[in-house]
Amino acid sequence: MKKNDPGLAPLIAIIGCDGSGKSTVSAAILDWMQGYGPAVAAHLGKQMGNIGRTIAGLPLIGKLLDQFIVRKTKSTQIQREKKTPGLFVALVLYAFSLRRLRRFKQMMAQRKQGFIVVTDRYPQLEFPGSYDGTGLSITAPGNFLVRWLARRERAQCEWMTSFRPDLVIRLNVDLDTACARKPDHRRELLRDKIAITPQLTFNGAPIVEIDSSQALPKVIEQTKAAVAKTMAARGYNLKQA
């Protein structure tokens with residue numbers, strides 16, 4: 001496993017369940033980070049949920065397509081360690097993983113160029129099948145091609161997770177608050193993500209816990225304080241306004 005490379009610009013990862021405020025906090029921190037130097041944002045989730053909700057909003061066929069995708073996704077999550085999904089579903093899942101890999105490589109290139117990076121989400125290997133982990137199982141029996149795709153996806157995720165963030169900001173939120181903020185999300189899925197959140201280690205990266213059920217200004221203030229310590233340790237000074 002790789003350690004933090006001093007030749008790369010800092011990477012701050014902001015993670016948490018949907019409804020924890022990741023996008024809002026990431027945007028605020030990115031704007032503030034410009035005081036340290038050139039900074040860019042990167043979204044490192046698979047974005048399957050966003051696309052699914054867009055599909056659901058299509059006229060006439062949207063709801064039918066969304067129901068089909070939900071059934072296939074739930075079936076894959078339940079059976080992923082017992083049986084491989086069909087080739088069509090596997091190809092869709094693998095396509096999303098390739099899109100994320102491309103964004104990750106672009107992000108790494110920006111770090112090499114000296115850009116500080118603030119990410120919304122970060123890949124993980126501890127919980128396959130959910131929460132920005134792998135979507136296909138390498139151990140389930142079944143179609144040879146699907147298992148080959150699973151091995152490819154696993155290798156990609158191992159490479160990405162070998163790069164540890166300089167700091168992970170973990171936004172913790174309670175279920176009722178998350179549901180109130182994301183009324184279009186399924187409660188049971190939010191519940192499962194909230195349960196997984198505190199168990200993610202991100203390959204031993206430094207993690208700061210923040211209660212994101214608090215008022216947003218306080219969450220941003222605490223996040224800035226944590227990031228400032230990391231940036232100082234990396235030798236970055238905040239420019240005076």
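Helices in this tour are DSSP runs of H or I spanning at least four residues, numbered from the N terminus. The structure on display is a predicted model.

**The whole chain.** Begin with the entire protein in cartoon view and colour it by secondary structure. The fold contains 8 helices and 5 strands, which succeed one another along the sequence as β-α-β-α-α-α-β-α-β-α-α-β-α. Switching to a surface view shows an accessible area of about 12,300 Å², with 59% of that area belonging to carbon and sulfur atoms. Of the 241 residues, 44% count as buried. Contacts between residues at least 6 apart in sequence are dominated by distant pairs: 80% of them join residues at least 24 apart.

**Helix 5 and Cys-157.** Next, select residues 144–161, which form helix 5, and pick out Cys-157 within this helix. Is the residue buried or exposed? Cys-157 has a relative accessible area of 1% and is therefore buried, the cut-off for that class being under 20%. Now display its surroundings. Beyond its neighbours within four places in sequence, Cys-157 is in contact with Arg-100, Pro-123, Gln-124, Leu-125 and Thr-134. The C-alpha atoms of Cys-157 and Thr-134 lie 7.0 Å apart, although 23 residues separate the two in sequence.

**The largest nonpolar core.** Select Ile-15, Phe-104, Met-107, Tyr-122 and Phe-202; among the 21 residues of the largest nonpolar core, these touch the most other members. Then highlight strand 1 (11–16), strand 2 (39–43) and helix 4 (87–112), each of which supplies at least two residues of this core. Which of the elements gives the most to the core? Helix 4 does, with 4 residues.

Centre the view on Tyr-122. Setting aside residues up to four places away in sequence, Tyr-122 touches Leu-11, Ala-13, Ile-15, Leu-44, Phe-104, Asp-132, Met-160, Phe-163, Pro-165 and Phe-202. Apart from the largest core lies another, made up of 19 residues and including Ile-29, Trp-32, Ile-169 and Val-227. In soluble globular proteins, nonpolar side chains tend to be buried together.

**Confidence.** Finally, recolour the model by pLDDT. The average is 85, and 81% of the residues score at least 70. Select residues 50–56, where the pLDDT is below 50; this stretch has 12 contacts in the model beyond near neighbours in sequence. Residues 72–82 also stay under 50, and the model gives them 19 contacts beyond four places in sequence. Where pLDDT is low, the predicted coordinates should not be read in detail.

Methods: Residues numbered from 1 in each chain as written. Heavy atoms only, no water. Core = buried A, V, L, I, M, F, W, Y, C linked by side-chain atoms within 4.5 Å. Buried < 20%, exposed > 50% of the residue type's maximum accessible area, 1.4 Å probe, protein only. Contact = heavy atoms within 4.5 Å. Areas by Shrake-Rupley, 256 points an atom, 1.4 Å probe, with all protein chains shown as cover. pLDDT = per-residue confidence, 0-100.
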